[in-house]
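Student: I should like to understand how the two chains before us are arranged and how they meet. May we begin with the structure itself?

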Number of protein chains: 2
Amino acid sequence: MPENLTALLNALRLQFSDRLLTSEAAREHHGSGESHLPPAWPDAVVMVTSTQDVSDVLTACTKHGVPVIPFGAGSSIEGQIHAPHGGISIDMSAMDQIVSVQDNDMDCTVQCGVTRQALNEHLRATGLFFPVDLGAHATLGGMAATRASGTTTVRYGSMRDLVLGMTVVMPDGEIIKTGGRARKSSAGYDLTRLMIGSEGTLGIITELTLRLFGIPEASQTAMCSFNTIEDATQTVVMALQCGLALNRIELADGLQMQAINRYSKTSLPERPTLWIELTGSAATVQNDIVVLEGLAETALRFEHAQTAEAAAKLWRIRHDALYASRALRPGIKGISTDVCVPISKLPACISAILGVVATTDIQAPLVGHVGDGNFHLVLLYDPENEVEAKQAYHINSSLIEMAIEMGGTSTGEHGVGLGKKAYLPNEHGPALGVMRRIKRALDPDNIMNPGKIFDL
Amino acid sequence: MPENLTALLNALRLQFSDRLLTSEAAREHHGSGESHLPPAWPDAVVMVTSTQDVSDVLTACTKHGVPVIPFGAGSSIEGQIHAPHGGISIDMSAMDQIVSVQDNDMDCTVQCGVTRQALNEHLRATGLFFPVDLGAHATLGGMAATRASGTTTVRYGSMRDLVLGMTVVMPDGEIIKTGGRARKSSAGYDLTRLMIGSEGTLGIITELTLRLFGIPEASQTAMCSFNTIEDATQTVVMALQCGLALNRIELADGLQMQAINRYSKTSLPERPTLWIELTGSAATVQNDIVVLEGLAETALRFEHAQTAEAAAKLWRIRHDALYASRALRPGIKGISTDVCVPISKLPACISAILGVVATTDIQAPLVGHVGDGNFHLVLLYDPENEVEAKQAYHINSSLIEMAIEMGGTSTGEHGVGLGKKAYLPNEHGPALGVMRRIKRALDPDNIMNPGKIFDL
């Protein structure tokens, strides 16, 4: 073990005693996460419980020149929590206090380790909720750090839009507050947005003030099948232009529907399918569902759930899509692509990539947050099979190249981590140099999650 | 004239010939703007017509170490376009091309000198519009640089929320693209949001890709008077929590209503007054206006405009508020405060500051974008009168101190420029040091609008 690491661990043990973990189990758990990438363990884990703890760890790591990797729920899938250069994994999951909820202001302040599920559970009696609903069990700090989004982003925006202010610990241990509780501000640089999506490479988010929303009075759900992705997309475009009270617009392709039929024992059309949820006042959603049915003139089938139970059943089908995909090839986890393109480009993008998929042995069912132009192919390949692995990487990189060509992005919501680094020069060009200059200015010793997003 | 400036002007004259202006009139026009601050002229003005022009000017200014101050429509009010250290005012108003409009994607790309009015005029046939509607005649580049907002921000967000991507020229002349056309992305640092609100201190925005929205089918307007600001605010809080289809929620206080009655020859109650506009489908707004009237149980008077003409008449009253204020004291321009606080703090904030105003000789009518917690007092004082000037500054600084204490901000939408610099240490604390580090990293020679937002 290098001397600086030994010295650091001795110092941390003095302060944190049994909250400093060096067991194999702890290191393994903190160095793998949900990613398809090979694990990379940290040298040790510190379980922090306060912003001051985080500051103390960063001060010590800076002093000894040892990397720090923030860890929330470990649900990131692009290697954001991996420790390719070793170092200290700083586990925030015990920072799980809801600091305050301000009903009248429709905002709340939470510690970074609170999950979105725990927050919404806590809010239940208030009639308010926090809308970003990604699939994973994730902490709000991690969601901010990854600039996460979810199925309701088409209505409410992503983490980028819903964080009002934050407490952040900088690499040298300095504690700063960004933003505040005002709904808007023109007072200087937007450090809140700079930290959101920076994946722990600039500082560690320890508290967040979040916007909340009133739970809508009513909702209506429809599920509709189309002959083509074009028809489905065009219906979505019209619904967006009409300003319907869209809350969720999810897409699955024919293969995904086939997987769903097999998994859920349904006999739905194995064609491109939309799930659409409208929310708002009863008057609004009753009006808008009729308008929607009129717009969906190319639909082969338009199933409008007449009861809450019927709607829940339709959504359960959508939620089971990932399991249904994986059941196409049991024992195989698959990796998920994540491009996001202007919605008008979706049909061409999907059609082109499915053309590429067809030249390989890979099955790749598709689901998408189509209102945002973001979709995921689950690439079902056996990582032990070199040919398949090569094909899967070829599909992913071809897709990313296409998406960037179309004005889109390599990652709509999963982040860069280690997995998407290679694509950023193409996506950002010289802007990547500006990002690097910011990184060097704020983390001159490169101790903050080094090797993520880009190399210096 | 210092040697470096002479050399720069010679170089610029070679390239730009009669687009380099050094006349007193041009320098005066570019060094005063709409601000109450004393003018500070640039040494010369360059009229640019392309991103490459901007790059050439910045390259030359960096080479000669001369400051650059970006200029759009000159409508900034905190001295953002002033040249306290001299230098080159780079006038972007001729970069007024609408590059492309993508109906299906509900986005467009414009040069920075396009005004919001020109854009909406251009969009008229598409059924789409761009919603940020600040009072001033402003360019979209300037609006982004100031992180501007408007009366519909409560519905659609501010410039922060509605810019998808940008072309930016960095101080050394390098041209970068930030963001793109995807609705969301997790690919690296959010340089778009970093540039928005940076007031030309990090780079110059030359093109913007903006989100557009469908023009709603219907709208309903109500104007209602209340006994107290508390009653008005509580009505707004409930309307926000219910998720009504609020498009605009504007507030005026009793003195402002008195000014309006005098100016517009109306006999409205001289009490706190709300203008509320609901937009959406006909079904939605017809439902929501009824709900709103029910919520406004403390209203002394609830006037629901039954026709488009009647609604336009109510909004004309609101739009004339500034002229009505100024007519209280003819010949006096006044300065506008701009704090923004959590909405629950509005009544206490307004009541406390009106208490301060009452101890002075200043009249200070109030209008506010109450849904955002942002309000403006127009401080009508004679800048030649030292006592009044002192009182006006005292009111402004007391108000800012209170707002920051309440979790709010010194400026909701006007920006910092020169006028609000003094308040940023209190608002941001150590975060201001992080902003300075970013500034130094991206503009090491401090040529970009130096002296604005903070001193280095």
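Student: By what turn can chain B be laid on chain A, and what relation is that?

Tutor: This is a predicted model, in which local features need pLDDT of at least 70, side-chain atom pairs count only at pLDDT 80 or more, and totals for chains, interfaces and linings use all residues. Residues are numbered from 1 along each chain as its sequence is written, chains are lettered from A in the order in which they are written, and side-chain values use heavy atoms, with hydrogens and water left out. Superposed by least squares on the C-alpha atoms of residues with pLDDT of at least 70 in both copies, chain B falls on chain A with an RMSD of 0.0 Å and a shift of 0.0 Å along the axis, after a turn of 180°. That is the relation of a two-fold axis.

Student: Which residue of chain B comes closest to the rotation axis?

Tutor: The distance is taken at the C-alpha atom, and it is 2.4 Å. The residue of chain B that comes closest is B:Thr284.

Student: How many residues does each chain bring to the contact, and what area do the chains bury between them?

Tutor: With contact meaning heavy atoms within 4.5 Å, chain B gives 78 residues and chain A gives 78 residues. The copies meet through the same surface, because 100% of the interface residues of chain B are also interface residues in chain A. Buried area is the accessible area (1.4 Å probe) that two parts lose on being put together, summed over both. Of this area, 55% lies on carbon and sulfur atoms, and the total is about 6,200 Å².

Student: Which residues of chain B lose the most area to chain A?

Tutor: Together they account for 16% of what the side of chain B buries. They are B:Lys184, B:Ser186 and B:Tyr189.

Student: With which residue does A:Lys184 form a salt bridge?

Tutor: A salt bridge is a side-chain nitrogen of Lys or Arg within 4 Å of a carboxyl oxygen of Asp or Glu, and the rule finds four across the interface of chain B and chain A. In the one formed by A:Lys184, the closest N and O atoms are 3.0 Å apart. The partner is B:Glu413.

Student: Is B:Glu250 buried or exposed?

Tutor: B:Glu250 has its place in strand β13 (residues 246-252) of chain B, a strand being a DSSP run (E, at least two residues) numbered from the N terminus. Buried means under 20% relative accessible area and exposed over 50%, with a 1.4 Å probe and protein chains only. At 0% relative accessibility, B:Glu250 therefore counts as buried.

Definitions and conventions: Helices (H or I, at least four residues) and strands (E, at least two) are DSSP runs, numbered from the N terminus.
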